[in-house]
Amino acid sequence: MNVSLAKDLSVYQLVMGVQAPPKPLSLSPATLLSLVRAQIDLLIEQQIAATLWVKLPPDKIWQSELARYQSSVGASSLIYSCQIDESRKREAGEDKEEGRLNISSSPSSPSSNYVPVHLPPDSQMRRENFLMVLSPQFCSLILAHRPLKKRKNQTSGKVNTNKNQPLLIITTVEGRVIQQVLNGIQQAIAPESSSIPASFICPTVPQAALMNQLLAKQLLRQDEINRQIITVRTNKLEQQNQELHNKEQLKDEYLKNVCQELRIPLTHMKTALSLLNSPNLKPPQRQRYLQMLNTQCDQQNSLITGFLELVQLEQNFDGTTLELVRLSDIVPGVVSTYQPVAQEKGIMLAYTVPTELPSVWCVTGKLRQIVINLLHNSLKFTPNGGQVWVRARNQGDYVQLEFRDTGIGIAENEIPKIFDRFYRVRTAATEDYGGAGLGLTIVQQLLLRCGGSISVKSKLSEGSTFTVQLATAGNMPRAIATENEL
C-alpha cells in the first residue's frame, strides 16, 4: 500500500482551527515521550486494535514504541506513518538539519499493516510530530509543534531559527478535535493513492475507565522519565565534583613541588653564607662560596620566572593571540647570541634556515623564547668539542624546526617525562646541569596553543634531536579558525 498527500497541511493548524481549541502547553521532549509511552501502554494492556496515524522522530527510542505495539497487537492494527520524502528533499536542496527530527522510519520489523505516507519536502508538518489513535473504544491525539521563532543574525543579516525552543504540546481525547484532524488528512490524500479504510467516526465521549487507566499510566511514565533525568543529572554532578577534586589534588601537588624546588637553592645559599662566616676562610674558598651564592640565586630566579610564566599561560589560555612570523627573522639572531657560549665550550654551532620558508603561526612574541629554550638545552647538555645544528625545512602544511646535538642523550625510559614540570634528566655524571626543569614544559604549552607540536629522539651518549612542527600561514590552526567564524 502506498499513500501520498496531494496537498500540504498542518495538523497543528487543523487542531487550532476547531471552535474552542485545546490549549497548547510548553513542554520538553521528555514529557512528549512519556505521553506516547503511556498511550502505547494502554493500547497494549487493553489489547485495543487501533488505526494509528503517526509522525515521530526517527530515533530508535521513538520507533521502538511502534514496534512494541505492533508485536503485541499483531496484524489487527494499522499504522500510517507520515514521512518527509528524502529523495525529493535532497533534490530541493533542503537543509538536512531542518528535517532531522521529522523523518520517521518504519519499525524494526515492518509488515503489511505498516503504511508510509509520503509528505512533500517543504511540508508544514516538518516541524510537527504526532500520534493519533483511532478505535471504537478509544481515540486520542498527542501533537507536538515546534514554533518557528525568527531571529536576525547580526553579522550576516540572515534569519535563523532557534532550535532550543520548548515544544508546544497538545493532548486531547475530544472526538470533535480528532475528527477534524482525520477529515483534513483524508481530504489531502492524493486520488491515485491506494485506498484507505472508510471514513471513521470518533466516539464523542471516551470510556471513563480507560481515561482513569490512561491518567495513571501517564503519571507512572512521567515519574519514570523524571527519575532517569535525575539519575543522569546526579551522575553528571558527581563526575564534575570528581574532576574538581582531581584538579585540587593536582594543584596541591604542584604547589608542593614548587615549594620543594624553591627550598633547594635556599638551602645551598644558607650553607654558603654559613661557610663565608668562617674566620679561617682562604680567598679561593671565599670566591668559591660567593660563586655558589651567585649560581643558586640565578637558579631560584629561573624557578620563579618559569613558574610565573606557566601560571600566566594557564590563566590566559582563552585569550592567547597568535601571529604570523618567519623563522629566518628569529633563528639567526638567537644563534648568534649563543655563539660565544658555544665557542667557550668548543662546540660547533651552525644553522640552516632558508629565507624562502613560509611564515608560521606562533603565540604572539613567543617564537624567540621557544628557540632560546631549545638551543640553550642543546648547548647545556653537549660536552666540550661537541656539535649542535639548527635546521628548518618545509613539511607540507607545516615547517619543521630541528635542534640536533651530540650531547649526553636521554635514557629511553625518561623521554616520556622530560616535558613534565620540574623534571630534570638524571645522569650518572657528577656535573650539576642546573635548570628549573620548566623550559621544555613552557615550550610544549606554547606550541599547543598555536597548533604546533614537539617530539624528541635520543640515545644515551649519542645525542638528542628535538623536532618542532609549526603550522604555515595557509594552514590556519583550529583555534584561530573558530575565532574567525565567530
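Is S461 buried or exposed? With a relative accessible area of 69%, S461 is exposed, and this residue is found in the loop between β16 and β17. The model is a predicted one, and the briefing below moves from the protein chain as a whole to one sheet, to the helices that pack on it, and then to single residues.

**The chain as a whole**

- The protein chain contains 11 helices and 17 strands, and 42% of its 486 residues count as buried.
- When contacts between residues at least 6 apart in sequence are considered, 75% of them join residues that are at least 24 apart.
- About 26,700 Å² of the protein chain is exposed, and carbon and sulfur atoms supply 52% of that area.

**The five-stranded sheet**

- An open sheet with mixed pairing is formed by 5 strands, which follow the order β12-β14-β15-β17-β16.
- The edges of this sheet are taken by β12 (348-352) and β16 (453-459), each of which has a single partner strand, so one side of each is left without a neighbour in the sheet.
- Neighbouring strands of the sheet are turned against each other by 15 degrees on average, with direction ignored.
- The edge strand β16 runs antiparallel to β17 (residues 463-471), and 7 bridges join the two; S464 in β17 is the bridge partner of S458.
- In the loop between β16 and β17, S461 has a phi near 70 degrees, which is a positive value in a residue other than glycine.
- As background to that value, most residues other than glycine have a negative phi.

**Helices on the sheet and against each other**

- Helix α8 (residues 331-344) lies across β12, β14 (387-395) and β15 (398-405), and its direction is at about 170 degrees to that of β12.
- Helix α10 also packs on the sheet, where it touches β16 and β17, and its direction makes about 140 degrees with that of β16.
- Helix α10 (residues 439-448) packs in addition with helix α9 (residues 367-380), at an angle of about 145 degrees and with the two axes 10 Å apart; the crossing in which α9 passes α10 is left-handed.
- On the α9 side this contact is made by Q369, I370, N373, L374 and N377, while α10 contributes G439, L440, I442, V443, L446 and L447.
- By class, the residues of the contact of α9 with α10 comprise 7 nonpolar and 4 polar ones, with no charged residue among them.

**Single residues elsewhere in the chain**

- L168, which lies in strand β10 (residues 167-172), is partly exposed because its relative accessible area of 24% falls between the 20% and 50% limits.
- Leaving aside residues up to four places away in sequence, L168 touches Y12, P24, L25, S26, L143, A144, H145 and P147; of these, P24 is 144 residues from L168 in sequence, although their C-alpha atoms are 5.5 Å apart in space.
- Q218 has its place in helix α6 (residues 208-276) and counts as buried, because its relative accessibility of 18% is under the 20% cut-off.
- The contacts of Q218, again not counting residues up to four places away in sequence, are with L35, A38 and Q39.
- Q47 is placed in the loop between α2 (29-45) and β3 (51-55), and its phi is near 50 degrees, a positive value in a residue other than glycine.
- At 44% relative accessibility, Q47 counts as partly exposed, whereas S461, at 69%, is exposed.

How values were computed:
Residues are numbered from 1 along each chain as its sequence is written. This is a predicted model: local features need pLDDT of at least 70, side-chain atom pairs count only at pLDDT 80 or more; totals for chains, interfaces and linings use all residues. Side-chain values use heavy atoms; hydrogens and water are left out. Axes are lines fitted to C-alpha atoms, for helices over the stretch in contact, and angles run from 0 to 180 degrees between N-to-C directions. Helices (H or I, at least four residues) and strands (E, at least two) are DSSP runs, numbered from the N terminus. A crossing is left-handed if the near helix is turned anticlockwise from the far one by less than a right angle, and right-handed if clockwise. Contact means heavy atoms within 4.5 Å. Ala, Val, Leu, Ile, Met, Phe, Trp, Tyr, Cys and Pro count as nonpolar, Asp, Glu, Lys and Arg as charged, and the others, Gly among them, as polar. Buried means under 20% relative accessible area, exposed over 50%, partly exposed in between (1.4 Å probe, protein chains only). Accessible areas come from the Shrake-Rupley method with a 1.4 Å probe; for residues, only the protein chains shown count as cover. Two strands pair if DSSP finds at least two bridges between them.
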